[in-house]
Structure formats: structure tokens, C-alpha cells
Amino acid sequence: MEKKMKILGIVIIVAIIGAIVIKNVTTEQKAKTITLKLAENHPADYPTSMGDKEFARLVAEKSGGRITIEVFTGAQLGDERSVIEQLKIGGIDFARVSMSPMSAFAPQLNALQMPYLYRDAEHEWKVLKGEIGDEILSSLDSKGFVGLTYYESGARNFYTTKKEVRTLADMKGLKIRVQESPLMMDLVKSLGAIPTPMPYGDVYSAMKTGIVDGAENNYPSYDSAAHFEVAKYYVIDEHNRVPEIVVASKKTMDKLSKEDQAIIREAAKESTEYQIEQWKSYEQKSEDKVKKAGSVITTLSAEEKQKFMDAMKPMYDKLPEDQKALVQRIRAVK
Ligand code: GTR
């Protein structure tokens with residue numbers, strides 16, 4: 001009897017110790033599980049959103065499911081400007097934003113989105129994937145951000161609600177919505193038009209109600225934000241190529257281990273190829289869709305295009321010396 005009691009006692013003690021060990025292990029595992037938020041202002045099926053989701057998938061895979069990145073699409077976490085402000089204070093962990101609003105916080109980014117800077121997309125990607133692209137990503141550290149990677153965004157074109165733009169003279173006096181970026185304001189002013197900065201989400205109704213006469217963007221945004229429904233004249237002037245950028249809050253990154261930081265950096269870079277593929281097919285679909293819907297697509301004559309280019313040359317002269325040097329290096333990339 002006494003022996004039985006002893007055995008029972010041992011069993012109970014072992015069971016208690018076992019339970020304590022298991023509890024500690026699960027708490028430890030739980031403590032290591034990290035959930036982070038990413039802000040995206042496009043709808044869920046837009047190429048940048050697809051890139052973000054691929055980034056999140058790769059982070060989950062590389063961390064063995066320990067790090068989860070929740071992607072909030074459709075500007076659920078706010079417009080681009082406020083998202084960038086949130087990143088600075090660590091309220092949001094990641095964002096995919098256009099370089100235009102970002103350059104209001106980090107002016108060195110202006111050099112990468114100057115009008116008629118790149119010969120084509122291939123030139124742009126040689127720059128972004130090369131030394132200059134890396135230098136620019138690293139330079140964001142001093143501004144409270146960690147630059148992770150770039151995404152494709154094509155070329156931006158003007159579109160208007162009332163009349164077709166065929167010449168530089170047609171731009172005169174038009175009220176054009178721009179992103180909240182000094183560079184974009186300057187660009188529109190250089191063409192004789194009147195820039196009106198406002199968040200992306202307000203553009204459709206601003207065009208519909210006549211607050212502005214038009215806006216500018218690539219085919220996918222013109223399509224997915226339904227801008228083509230209210231502004232049917234689209235002129236291919238390709239005034240600039242503005243890379244998309246995936247950034248992290250420096251506050252968030254500083255809290256993570258070196259290993260986790262490396263996982264995040266690697267996953268972001270890897271997601272770029274996938275995003276570029278998504279971009280290509282979406283861009284074509286958007287072009288086809290807006291044409292079918294009745295958009296009038298105008299191509300500038302070579303002579304008029306030259307006038308657009310000449311009008312923006314003074315913007316280069318105004319650049320600070322360090323950015324002028326960067327522009328020269330970009331142009332020299334073959
Ligand atoms: C798009 C870009 C968005 C936003 C938008 C805009 O091309 O992807 O992030 O910046 O333009 O014009 O506001």
C-alpha cells in the first residue's frame with residue numbers, strides 16, 4: 001500500500017514538473033511570435049498589394065511562421081502622408097508608398113524621380129538594383145526609416161476631364177491634382193498648369209465635382225481608382241517614372257534581432273521580382289480596359305514632347321549640388 005502511494009506521489013510530481021515545463025516552452029514560443037502591420041493604399045489585387053503579400057509570405061516562410069506581417073490594403077491605415085508619419089513614430093511597422101510623398105520626408109529621393117530622367121524601365125531598374133539604389137535605401141536610416149526594396153510603377157501621364165491635351169500650350173491654367181510632394185508641384189507648375197496637392201483617395205470626387213481639371217498617374221492607378229470614368233482624356237507624355245518603395249519603421253526594426261532584420265530585408269528584396277511580373281500583366285489589362293471604356297489616348301508628337309522636356313529642364317538647375325551629382329551618376333548608368 002505504502003509502495004503504491006509512493007509511486008502515485010512520484011507520478012504526481014512528474015506530472016506537475018511536466019506541466020510547468022510545457023507551459024514555459026509555450027510561453028517562450030508565444031513571446032517569440034511577432035505580428036507586424038504593413039500599410040498599402042491600393043486595392044488587394046493591385047500589383048503593389050500582390051508584392052506586399054509576397055513579402056509577407058516570404059517573411060513567414062523564412063521565419064518558420066514566427067513573424068506574421070498583416071497587409072492592410074485600400075488605405076485602411078490612412079493616406080500615404082499620414083502612414084509615413086506613423087512609420088516615423090513606430091505606429092505602423094511597414095508601408096509600400098510612392099517615392100513622391102516619401103520625398104517630402106527624405107528629399108534625397110527627388111533625384112530618383114526627376115522628369116525624363118530614365119531612358120526606359122530597363123535603365124530605371126539598373127539604377128534601383130545597383131549601387132545607387134542601395135545607397136538611397138540606406139540613406140533613409142537617418143530619417144527614421146529603413147528602406148527595404150523598390151517596386152515597379154511604370155511611367156506617369158496626365159489625364160483631364162474636359163479637353164484633350166495635345167500640346168504644351170493645352171496644359172496652361174489646368175488645375176491638376178498632384179501627390180503631396182514639392183517635386184510634383186514644381187513639375188506641374190513648369191508646364192504652366194496649377195498643382196493641387198491632395199490625398200489619392202480624394203482625387204476621383206475632386207475630378208468629378210470639378211475641383212480639379214485632371215490628375216496624373218500610370219495606367220493601373222488610372223484604372224483601379226476609376227479615374228478613367230471621370231477623366232477620359234489620357235495623354236502619354238511619360239513625364240516621370242516614380243518608383244514605389246517598401247519601407248520599415250526604424251523604431252520597429254531596432255526592436256528586432258539581427259537575424260529577424262536580415263529575414264525581413266531578404267524577403268523584401270526577393271518580393272520585387274514577383275511584383276514586377278504582376279505589374280506587367282496588370283498594366284496591359286488596365287490599358288485594354290480603359291480603351292474599351294472609351295478613354296481617348298493621345299500620344300504627343302515628337303515636337304511637343306520635346307517642349308514638355310524643355311519646360312522641365314529648369315528643375316534640374318534648381319537641384320542641390322548633391323542631388324545634381326546623383327542625377328549625373330544615374331544618367332551615366334548604361
Ligand atoms: C500611385 C501610387 C500610390 C499613390 C498614387 C497617387 O501610382 O502607387 O501609392 O501615390 O499614385 O497619385 O497618390
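Buried, in this report, means under 20% relative accessible area. By that cut-off, both Glu124 and Arg241 are buried, and they make a good way into this predicted model.

## A buried charged pair, and the chain around it

Glu124 and Arg241 form a salt bridge, with their closest N and O atoms 2.7 Å apart. Glu124 sits in helix H5 and Arg241 in strand E9, so the pair ties together parts that lie 117 residues apart in sequence.

The chain around this pair has 13 helices and 11 strands. Its C-alpha trace spans about 105 × 45 × 30 Å along the principal axes. Of the 334 residues in the chain, 50% are buried. Among contacts with a separation of 6 or more, 76% are between residues 24 or more positions apart.

## More salt bridges

The structure holds 27 salt bridges. Three of them are set out here.

| Salt bridge | Closest N and O atoms |
|---|---|
| Glu40 and Arg96 | 2.7 Å |
| Glu124 and Arg241 | 2.7 Å |
| Lys307 and Glu304 | 2.9 Å |

Which parts of the chain does the pair of Glu40 and Arg96 tie together? Glu40 belongs to strand E1 and Arg96 to strand E3, so the bridge joins parts 56 residues apart in sequence. Glu40 is buried, at a relative accessible area of 2%, and Arg96 is buried too, at 1%. These two residues also belong to a network of salt bridges that links Glu40, Glu80, Arg96 and Glu244.

The Lys307 and Glu304 pair stays inside helix H12, where the two residues are 3 apart, about one turn of the helix. An α-helix has 3.6 residues a turn, so residues three or four places apart point the same way. Lys307 is partly exposed at 37% relative accessibility, while Glu304 is buried at 10%.

## Asp237: buried without a salt bridge

Strand E9 (residues 233-241) also holds Asp237. How far away is the nearest side chain of opposite charge? That side chain belongs to Lys305, 7.5 Å from Asp237, and Asp237 is buried with no salt bridge. A salt bridge needs the side-chain nitrogen within 4 Å of a carboxyl oxygen, so a gap of 7.5 Å does not qualify.

Asp237 does have polar partners. Its side chain makes a polar contact of 2.7 Å with the side chain of His239, and reaches the backbone nitrogen of Phe158 at 3.3 Å. Beyond its neighbours within four places in sequence, Asp237 is in contact with residues including Tyr116, Arg156, Leu300 and Phe308.

## Two nonpolar cores

Phe158 and Phe308 turn up again in the largest nonpolar core, which has 55 residues; they are among the members that touch the most others, along with Leu112, Tyr150, Met171, Leu191 and Ile245. Helix H12 (residues 302-317) gives the most to this core, with 5 residues. Apart from it lies another core, of 21 residues, among them Leu58, Ile67, Val246 and Leu256.

Leu191 shows some of the packing: outside its close sequence neighbours, up to four places away, Leu191 touches Phe158, Leu168, Met171, Lys172, Phe308, Ala311 and Met312.

## Helix H2 and its partners

Helix H2 (residues 47-62) has 16 residues and reaches 22 Å from first to last C-alpha, close to the 22 Å expected at 1.5 Å a residue. Its buried residues include Gly51, Asp52, Glu54, Phe55 and Leu58. What do the buried residues of H2 pack against? Their partners are strands E1, E2, E3, E4 and E10 and helix H11. After H2 comes Gly64, with a positive phi near 60°.

## Loop residues worth a look

Most residues other than glycine have a negative phi. Ala75, in the loop between strand E2 and helix H3, has a positive phi near 60°. Tyr116, in the loop between helices H4 and H5, has a positive phi of about 50°. Are these two buried or exposed? Ala75 is partly exposed, with a relative accessible area of 32%, and Tyr116 is buried at 14%.

His227 lies in the loop between helix H9 and strand E9 and is buried at 1% relative accessibility. Its contacts beyond four places in sequence include Tyr159, Tyr200, Tyr204 and Tyr222.

Asp170 is placed in the loop between strands E5 and E6. A polar atom of its side chain lies 2.8 Å from the backbone nitrogen of Arg166.

How values were computed:
Residues numbered from 1 in each chain as written. Predicted model: local features only at pLDDT ≥ 70, side-chain atom pairs only at ≥ 80, totals over all residues. Heavy atoms only, no water. Helix = DSSP H or I, 4+ residues; strand = E, 2+ residues; numbered from the N terminus. Buried < 20%, exposed > 50% of the residue type's maximum accessible area, 1.4 Å probe, protein only. Lys, Arg positive; Asp, Glu negative; His and termini not counted. Polar contact = N/O pair within 3.5 Å; in protein donor to acceptor, adjacent residues only side chain to side chain. Contact = heavy atoms within 4.5 Å. Core = buried A, V, L, I, M, F, W, Y, C linked by side-chain atoms within 4.5 Å. Expected span 1.5 Å × (residues − 1).
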